[in-house]
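Hello,

Here is the structure I said I would pass on to you. Please have it open while you read, and my notes follow straight after it.

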Amino acid sequence: MSQHLSRRAVLTRTGLALAGSLYRLKGAACEGGVDISTPLKVHASRKGLLFGSAASQRYLKSDPAYAALFAQQCGVLVPEGELKWNVLRPTPDSYNFGPADWMYEFTRTHNLKFRGHTLAWWQALPGWFSSYANQGNARRLLEEHIATVVGRYSGKMHSWDVVNEVVDPYDKRADGLKTKPWLELAGPEYIDFSFQSARAADPNALLVWNENHLEINDTWSRGKRKALLSLLAEKLKRKIPIDAVGLQTHVSTTDPSFDNKEFKTFVRKIADLGLRIIISEIDVIDHDAPANTSIRDEKVAGTYSNYLDLILKEKQVIAVLTWGLSDKYSWLAKFKPREDGLPVRTLPFDDCLAGKKAFTAIANAFDWAPDRSPMG
Ligand code: XIL
């Protein structure tokens, strides 16, 4: 049987005929994708790696072709918003688990792992938060939230982003921690008790410290790397249960090569602390790339290669997740739209769900990565 099945053939053969027919409806604009017959999750798992992506319930529900593609390509799902406070906490005294439970059911139906994002973050807080939370109640509020939310999915989660984007050297604290809102409300120890509460509620999930903007060599990134490394070392010494670091990796086609001493040393030092590494939200910002589709796709793919070829050499890297699977639903369409109005082309699949050069770049990076499976 041919190793090089077309995308349509693969979808049909895997029983996803509905997805295939929707795909055909889109017509000629959808033709010309790259060979995706071996899903990214398979390329990854051959090396003992996990591949997955973020998705929203809304689009998994409304777009069966996308849902089918997601299940075909991914080994892990992280809800893009359904586990954030603004969805989970309609009021200070109530929880809305409907959307997150739906996502969990999706992972069960399609045999995916489930990843939690995120417990303590400065964004996506509900409207009531700023007038309700204060220094008197913030610790209890956060601890109860973690106990309830992590407890609900205990035994079902691959990993939890316990804290997210909590280092900010521009806030000018000696420890480099971001001040608002959690530190001002609950003290710098909120990081310790967040990890401890998460471990108490689910002893098996990997507990992750997730951070943005660590990859390049500007002042902010340098400051973040330095502060993060010393915070991690200090907390691990005190046995705070941190298992992994999440590198968000929202990189850009204009970033210089990641293959430089500073970034490599940083990655090595995280590994030397005994921590695992998850590439938790990779996508490639194409804001400043040329308009021409083919050239732009080359640049985006080249950025994936440049980053992944380097980072996957580190065997403590256990998983790679893209922040979305198809350009059709990328958050960057809203957060980093192109000035010329052209749709962004940041992810492995395009608006029509056809594989792009970025798909091949990611697949090749997995193929070339050293084996970290127990037998490898
Ligand atoms: C983004 C989502 O993708 C958007 O849909 C939402 O409106 C804002 O948040 N870093 C993170 C993610 O940790 O939670 C963010 O997700 C993207 C940046």
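Leucine 325 touches residues from several other parts of the sequence: leaving aside neighbours within four places, its contacts are Phe51, Ser53, Ala54, Tyr66, Leu69, Phe70, Gln73, Cys74, Leu347, Pro348 and Phe349. Please keep in mind that this is a predicted model. Leucine 325 sits in the loop between β9 (317-322) and α15 (332-335). Is leucine 325 buried or exposed? With a relative accessible area of 1%, leucine 325 is buried, since the cut-off for that is under 20%. A nice detail to look for is glycine 52: its C-alpha atom is 8.5 Å from that of leucine 325, although 273 residues separate the two along the chain.

Another loop residue to visit is aspartate 243, between α12 (219-237) and β6 (244-247). Aspartate 243 is buried as well, at a relative accessible area of 16%. Its side chain comes to 2.8 Å from the backbone nitrogen of leucine 207. Apart from neighbours within four places in sequence, aspartate 243 is in contact with Arg199, Ala205, Leu206, Leu207, Leu275 and Arg276.

Now to the ligand. Which residues are around it? They are Glu80, Lys84, His117, Trp121, Asn164, Glu165, Gln248, His250, Glu281, Trp323, Trp331 and Phe335. Some of these come with distances that you can check on screen:

- Glutamate 165 has a polar side-chain atom 3.4 Å from a nitrogen atom of the ligand.
- Glutamine 248 has an N or O atom in its side chain at 3.3 Å from an oxygen atom of the ligand.
- Tryptophan 323 has a side-chain N or O atom that is 2.9 Å from an oxygen atom of the ligand.

On its own the ligand has 410 Å² of accessible area, and the protein covers 79% of that.

Two helices are also worth a look. Helix α7 has 12 residues (98-109); at 1.5 Å a residue they should span 16 Å, and the end C-alpha atoms are indeed 16 Å apart. Which residues of α7 are buried? Pro99, Ala100, Met103, Tyr104, Phe106 and Thr107 are. Because they cover an arc of only 155° around the axis, they lie on the same side of α7. Arg108 and Thr109, on the other side of α7, are exposed. The cover over the buried residues of α7 includes β1 (50-55), α4 (57-62), α5 (64-73), β2 (76-79), α6 (85-88) and β3 (113-120). Just past the end of α7, asparagine 111 has a positive phi of about 60°.

Helix α13 (residues 261-272) can be read in a similar way. With 12 residues, α13 reaches 16 Å from its first C-alpha to its last, close to the 16 Å expected at 1.5 Å a residue. Its buried residues are Phe263, Phe266, Val267, Ile270 and Ala271. These cover an arc of only 135° around the axis, so they are on the same side of α13. On the other side of α13 you will find Lys261 and Asp272, both exposed. What do the buried residues of α13 pack against? Their partners are α12, β6, β8 (276-285) and α14 (293-311).

Both ends of α13 have something to show. At the start, a side-chain oxygen of asparagine 260 comes to within 3.1 Å of the backbone nitrogen of glutamate 262. After α13 comes glycine 274, with a positive phi near 85°.

Happy exploring, and best wishes!

Note on methods: Residues are numbered from 1 along each chain as its sequence is written. This is a predicted model: local features need pLDDT of at least 70, side-chain atom pairs count only at pLDDT 80 or more; totals for chains, interfaces and linings use all residues. Side-chain values use heavy atoms; hydrogens and water are left out. Helices (H or I, at least four residues) and strands (E, at least two) are DSSP runs, numbered from the N terminus. The expected span of a helix is 1.5 Å times one less than its number of residues. Buried means under 20% relative accessible area, exposed over 50%, partly exposed in between (1.4 Å probe, protein chains only). The arc is that of the directions from the helix axis to the C-beta atoms. Contact means heavy atoms within 4.5 Å. A residue is near a molecule or strand if one of its heavy atoms lies within 4 Å of it. A polar contact is a pair of N or O atoms within 3.5 Å; within protein, one must be able to donate a hydrogen and the other to accept it, and residues adjacent in sequence count only if both atoms are side-chain atoms. Accessible areas come from the Shrake-Rupley method with a 1.4 Å probe; for residues, only the protein chains shown count as cover.
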